[in-house]
Amino acid sequence: MIQLKTLLNCIDNSGASVVECVNVLKKKRPATIGDRIVVVVQKQRAAGSEGSGTALANKVRRGDIRHAVVVRVKKELQRPDGSLVRFGDNACVLINKAGDPIGTRMNGVVGQELRGKQWSKILSLAPVHV
Amino acid sequence: MAALPTMRPLGCLRSLIRPQELMQSQITRRFISTAYSKRPERVPLPPNLPEQFLSQLPTRLQPQNGPKPVKVYPAPPSVRKVCKNPVEKVVELQMAAHDPKGERKALFDYRRNPRSVKPGDILRVTFKNGDPFNGVALSIKLRGIDTSVLLRNELTRVGVEMSVKVFSPNVQSVEIVQRAERKVRRARLYYMRSRKHDRRSVENLVASYMRQKRAFLGGSRRQN
């Protein structure tokens with residue numbers, strides 16, 4: 001149930017840590033796993049906290065408007081076989097206009113619904129999927 | 001009728017007045033003449049009319065054209081009598097199809113079977129597509145063929161809950177990894193979602209259980 005003003009965790013290394021949903025794309029209902037949304041970066045990760053190197057400057061800054069894909073939702077989701085899945089938080093991954101992830105790594109479990117919605121690139125970056 | 005004054009209209013005013021009187025009287029008379037009279041009653045056909053006279057009757061009165069008897073069909077057999085409780089029947093059929101030996105049913109019937117899965121136990125559910133799901137059983141909903149178990153676990157520091165339909169053909173096996181440490185006093189352990197009571201990740205427990213199991217089975221891998 002991601003809608004206007006929902007705060008989500010950003011689980012990639014693009015530099016954002018908390019983002020706020022400002023629009024749900026391609027549907028008139030609250031977004032769920034696998035849906036594309038527009039977000040505003042509200043909180044940045046501290047630069048240099050992840051790894052070390054020259055190219056680790058945050059790719060996004062506070063106030064940036066980006067597209068994102070929802071990967072975890074608190075609201076339970078029913079699978080076609082009748083089972084329900086519920087996560088402990090709402091989380092997303094930032095993407096560019098073409099649909100490729102901005103970050104290069106992801107930390108955290110993601111929902112398997114991404115597979116049916118052409119987000120296999122994100123699914124392959126994720127360490128665990130349920 | 002009196003002649004209307006055509007030639008000299010003002011010459012005979014009296015003749016203009018008189019016909020009205022006449023008409024009045026005619027109207028009253030007509031009222032009297034059109035008094036209600038009852039319709040003459042229809043004369044019934046004489047009984048035992050000889051056969052040769054029947055052809056002289058109008059066709060609608062001839063005996064072969066009279067009203068036909070209405071056909072009354074018997075009521076169809078009541079479905080309620082055939083099958084008293086159809087839902088129960090369907091559940092029975094489904095159970096026979098998905099759990100012919102009744103093992104799965106015994107495994108989750110925690111009200112009757114003392115050796116069954118109970119809330120608070122740690123379970124490992126393996127699916128047909130290969131990926132397992134481990135977790136603490138928070139609740140077991142006994143609903144016949146729709147029986148489901150709610151598992152909670154923590155993956156990469158995020159709580160994950162999954163409600164699995166026990167008799168689903170996608171579920172390959174259900175194993176009890178660890179029994180509840182002490183007897184829980186609730187049927188639904190939703191309080192384990194709160195931070196204070198959360199079991200956090202059970203992956204380590206399950207991993208050690210799998211190691212033990214593999215050692216016990218002596219190298220033969222994956223016997224579900």
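**Reading strands, core and interface in a predicted model**

Strand 3 of chain A and strand 4 (residues 65–72) of chain A pair in the antiparallel sense, with 5 bridges between them.

Reader: Before going further, what kind of model is this?

Author: This is a predicted model, and every value discussed below is computed from its atoms.

Reader: Which residue of strand 4 of chain A stands opposite A:Val39, and what else pairs with strand 3?

Author: A:Val39 stands opposite A:Arg66 in strand 4 of chain A. Strand 3 (residues 36–44) also pairs with strand 2 (residues 16–24) of chain A, again in the antiparallel sense, over 7 bridges, and there A:Val19 stands opposite A:Val41.

Reader: How many helices and strands does chain A have, and in what pattern do they follow one another?

Author: Chain A has 1 helix and 9 strands, and read along the sequence they give the pattern β-β-β-β-β-β-β-β-α-β. The radius of gyration of chain A is 14 Å, close to the 14 Å that the globule rule gives for 130 residues, so chain A is as compact as a globular protein of that length. Along its principal axes, the C-alpha trace of chain A spans about 50 × 30 × 25 Å.

Reader: Where should I look for the nonpolar core, and which residues touch the most other members?

Author: The general idea is that in soluble globular proteins nonpolar side chains tend to be buried together. In this model, 38% of the 130 residues of chain A count as buried. The largest nonpolar core holds 56 residues, among which A:Val71, A:Cys92, A:Val93 and B:Val149 touch the most other members, and strand 7 (residues 91–95) of chain A gives the most to this core, with 5 residues.

Reader: With its neighbours within four places in sequence left aside, what is A:Val71 in contact with?

Author: The contacts of A:Val71 include A:Ile11, A:Ile33, A:Cys92, A:Val93, A:Leu114 and A:Ile122. For chain A as a whole, residues 24 or more positions apart account for 51% of the contacts with a separation of 6 or more.

Reader: How many residues of each chain are in contact across the interface?

Author: The size of an interface is often given as the accessible area lost when the parts come together. Counted here by residues in contact, the interface has 16 residues of chain A and 12 residues of chain B. Strand 6 (residues 84–87) of chain A supplies the largest share of the chain A side, 4 residues, and by class that side has 7 nonpolar, 5 polar and 4 charged residues.

Reader: Which strand of chain B pairs with strand 6 of chain A, and in what sense?

Author: Strand 4 (residues 158–165) of chain B does so, in the antiparallel sense and over 4 bridges; within this pairing, B:Met162 is the bridge partner of A:Val85.

Notes. Residues are numbered from 1 along each chain as its sequence is written. Chains are lettered from A and ligands numbered from 1 in the order in which they are written. This is a predicted model: local features need pLDDT of at least 70, side-chain atom pairs count only at pLDDT 80 or more; totals for chains, interfaces and linings use all residues. Two residues are in contact if their C-beta atoms, placed from the backbone, lie within 7 Å. Helices (H or I, at least four residues) and strands (E, at least two) are DSSP runs, numbered from the N terminus. Ala, Val, Leu, Ile, Met, Phe, Trp, Tyr, Cys and Pro count as nonpolar, Asp, Glu, Lys and Arg as charged, and the others, Gly among them, as polar. Two strands pair if DSSP finds at least two bridges between them. The radius of gyration is taken over C-alpha atoms; the globule rule is 2.2 Å times the number of residues to the power 0.38. A residue is buried if 20 or more other C-beta atoms lie within 10 Å of its own, exposed if 12 or fewer, and partly exposed in between; C-beta atoms are placed from the backbone. A nonpolar core is a set of buried Ala, Val, Leu, Ile, Met, Phe, Trp, Tyr and Cys residues joined through C-beta atoms within 7 Å.
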